[in-house]
Amino acid sequence: MIKRNSIGRGDKTLAVNRVGGKGGKHVSKCALSYQRTCCNGKGYVFDVRAGYMHAASCQCVKNCELCAGTNIILADGMGKVCFEPNPRLIVQRMNGAGIPARFADSSFDNFTNYTGNIGAQVEYVRQWLADFAAIGGRGLLLSGPVGLGKTHLLVSIAKELIVRRVGVKFVDFFQLLSNLKGGFARMQSETSVLQPLIDVDVLIIDEMGKGRNSEWERCVLDQLVMGRYNCNKSIIASTNYILHTPTGKEMSKVNSNLEDGSADNFSVRELGALIGSRTFSRLAQMTEFLELEGEDFRRKNQNMWLKGTS
Ligand SMILES: [Zn+2]
Ligand SMILES: [Zn+2]
């Protein structure tokens, strides 16, 4: 039974936000403290809206007998948060992040491609994330060919940061370029699109370097990287291009893949050559480079399916 009036003046034994009390004795805690199966005790759920991940408060929060979904309760005449981390704030920030719909469910918990060096690198990413300071923290640049799960990892990072109250914006670089072009048609200035990406606590850029790498495209990336560098703000990014000068072995592997048509040659192009040395060297200062090697899970799944049905 939940005692509605158990929070009041002079009651110094408030159990507000007490999580994990034994045997349900502490009745004056948020509905979320009961680890509901509806949202695993998080207080929000994900769906999809207009091509993006959309978060919403879970029904259990709305039904909380203490806060009725506001997440604010009155205790000793003061407003207090019913549950931390505040699901309403998280929902707002998740919806402001611009995470693509296809990755709405992605998290570290459901990442599965542990081929090659990816398992070790994911461990590294999780440790890096645990140590990451929102402002001025050293960012991360994940590189590797398509199909390794880089976007899944970026989204997982984004979600964990948001839960830690960090403001995050996620952009697919190619999509950003086309948004900018669309903005020109609507007489929207480039600055009005780019400035929020410079101001946000953490900017996440997926598929950096994708595009034609025209002078204008390089200039867009340069503005983002320099803008954030000057404000001492972090960038977390992924790229399909390599971060070092290709070794002879890599070149010969790519050449043989090209002959049998099993790989495109993009992965062996250097990001630095594509985006320009100035932007690249700033990125090298601002981020840790992490190169992923493993199997393309889309191709792997396809092969398994083909084998299973032949
Ligand atoms: Zn509550
Ligand atoms: Zn719930």
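The paragraphs below lead through a predicted model of a protein, from its overall make-up to one helix, one pair of helices and one loop residue.

As a whole, the protein contains 11 helices and 9 strands, and buried residues account for 32% of its 310 residues. If we take the contacts between residues at least 6 apart in sequence, 75% of them join residues that are at least 24 apart. The average pLDDT of the protein is 83, and 81% of the residues score at least 70. Residues 1–27, however, have a pLDDT below 50, although this stretch has 34 contacts in the model beyond near neighbours in sequence. Where pLDDT is low, the predicted coordinates should not be read in detail.

A good place to begin looking is helix α4, which runs over residues 150–163. With its 14 residues, α4 reaches 20 Å from its first C-alpha to its last, which is close to the 20 Å expected at 1.5 Å a residue. Is this helix enclosed by the rest of the structure or left open? Because 12 of its 14 residues are buried, α4 is largely enclosed by the rest of the structure. The buried residues include the run from K150, T151 and H152 through L153, L154 and V155, and L161 and I162 also belong to them. Among the elements that cover these buried residues are the helices α2 (87–96) and α3 (118–131), together with the strands β5 (139–143), β6 (168–172), β7 (202–206) and β8 (234–239). Just after α4, the residue R165 takes a positive phi of about 70 degrees.

The next step is a pair of helices. Two packed helices are described by the angle between their axes and the distance between the axes. For helix α6 (residues 190–199) and helix α7 (residues 215–230), the angle is about 40 degrees and the axes are 9 Å apart, and α6 passes α7 in a right-handed crossing. Which residues meet where α6 and α7 pack? From α6 come L194, L197 and I198, and they meet Q223, L224, G227 and R228 in α7. By character, the residues of this contact divide into 4 nonpolar, 2 polar and 1 charged.

Finally, consider A68, which lies in the loop between α1 (59–62) and β3 (72–75). Since 14 other C-beta atoms lie within 10 Å, A68 is partly exposed. Along the chain A68 and C82 are 14 residues apart, and their C-alpha atoms are separated by 9.9 Å.

Notes. Residues numbered from 1 in each chain as written. Chains lettered and ligands numbered in written order. Predicted model: local features only at pLDDT ≥ 70, side-chain atom pairs only at ≥ 80, totals over all residues. Axes fitted to C-alpha atoms, helices over the stretch in contact; angles between N-to-C directions. Helix = DSSP H or I, 4+ residues; strand = E, 2+ residues; numbered from the N terminus. Left-handed = near helix turned anticlockwise from the far one by under 90°. Contact = placed C-beta atoms within 7 Å. Nonpolar A, V, L, I, M, F, W, Y, C, P; charged D, E, K, R; others polar. pLDDT = per-residue confidence, 0-100. Buried ≥ 20, exposed ≤ 12 C-beta atoms within 10 Å, placed from the backbone. Expected span 1.5 Å × (residues − 1).
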